[in-house]
Amino acid sequence: MSIGEIEPLYRSTLVHTKSDARKHILIVEDDVFYRNLVLWILEDAGFRVTVAEDFSAAIKAVEGDQRVHLMLTDVQMPVGTPNGVAIGRMARLRRHKLPIVYMTGFYDPAKLWAVEPDIPVLSKPFTGQNLLRVVEAALYPAGPC
């Protein structure tokens with residue numbers, strides 16, 4: 001079997017137009033494995049991606065001059081640092097309409113929805129297809145144009 005015949009780990013189903021093909025996504029993830037995995041999947045799907053491993057890097061990116069279309073943040077961050085919910089709230093203070101998606105392998109999504117009812121939660125482990133589906137829904141709440 002040749003490399004071209006191997007089935008991909010996921011299939012990108014996002015439909016981009018020339019005006020939105022380079023949506024900018026900020027990933028906030030302290031775990032290097034998930035950070036790199038999400039980066040790879042999103043870049044492969046055509047997104048422009050910035051990564052941040054902690055609160056200060058995330059806020060620096062949010063306060064920067066570049067437009068961020070979506071923030072994808074892990075909930076559990078290192079002990080003694082703000083968690084993803086705090087990061088999301090601080091980001092929203094600076095960019096009021098910034099869509100946010102939480103990723104978690106530890107917290108019950110129902111409990112997160114009780115605190116942040118309008119924010120989607122992606123449970124770890126997840127597939128590339130699940131990631132892209134949740135990202136697309138957050139970027140295009142009414143469906144792709």
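A crossover counts as right-handed if, with the strands pointing away from the viewer, the path from the first strand over the helix to the second runs clockwise. Keep that handy for the exercises below, and remember that the model is predicted.

**Exercise 1.** Work out which strands pair with strand 3, and in what sense.

*Solution.* Start with strand 1 (residues 24–28): it pairs with strand 3 in the parallel sense, over four bridges. To pin down the register, take Ile25, whose bridge partner in strand 3 is Leu70. Now turn to strand 4 (residues 100–104), which also pairs with strand 3 in the parallel sense over four bridges. Here Leu72 sits opposite Val101 of strand 4. Last, trace the connection: strand 3, helix 3 (residues 84–94) and strand 4 form a right-handed β-α-β unit.

**Exercise 2.** Explain why strand 3 is described as largely enclosed by the rest of the structure.

*Solution.* First, a reminder: in a regular strand, side chains alternate between the two faces of the sheet. Next, sort the residues: Leu70, Leu72 and Asp74 point one way, Met71 and Thr73 the other, and all are buried. That's five of the five residues in strand 3 (residues 70–74), so the rest of the structure largely encloses it.

**Exercise 3.** Describe how helix 1 (residues 32–44) meets helix 5 (residues 128–139).

*Solution.* Begin with the axes: they come within 10 Å and cross at roughly 65 degrees. Angles of 65 to 115 degrees count as roughly perpendicular, so helix 1 is roughly perpendicular to helix 5. Then list who touches whom: Val38, Ile41 and Leu42 of helix 1 meet Gly128, Leu131, Leu132 and Val135 of helix 5. As for handedness, the crossing is right-handed.

How values were computed:
Residues are numbered from 1 along each chain as its sequence is written. This is a predicted model: local features need pLDDT of at least 70, side-chain atom pairs count only at pLDDT 80 or more; totals for chains, interfaces and linings use all residues. Side-chain values use heavy atoms; hydrogens and water are left out. Buried means under 20% relative accessible area, exposed over 50%, partly exposed in between (1.4 Å probe, protein chains only). Helices (H or I, at least four residues) and strands (E, at least two) are DSSP runs, numbered from the N terminus. Two strands pair if DSSP finds at least two bridges between them. Axes are lines fitted to C-alpha atoms, for helices over the stretch in contact, and angles run from 0 to 180 degrees between N-to-C directions. Angles under 35 degrees count as roughly parallel, over 145 as roughly antiparallel, 65 to 115 as roughly perpendicular and the rest as oblique. A crossing is left-handed if the near helix is turned anticlockwise from the far one by less than a right angle, and right-handed if clockwise. Contact means heavy atoms within 4.5 Å.
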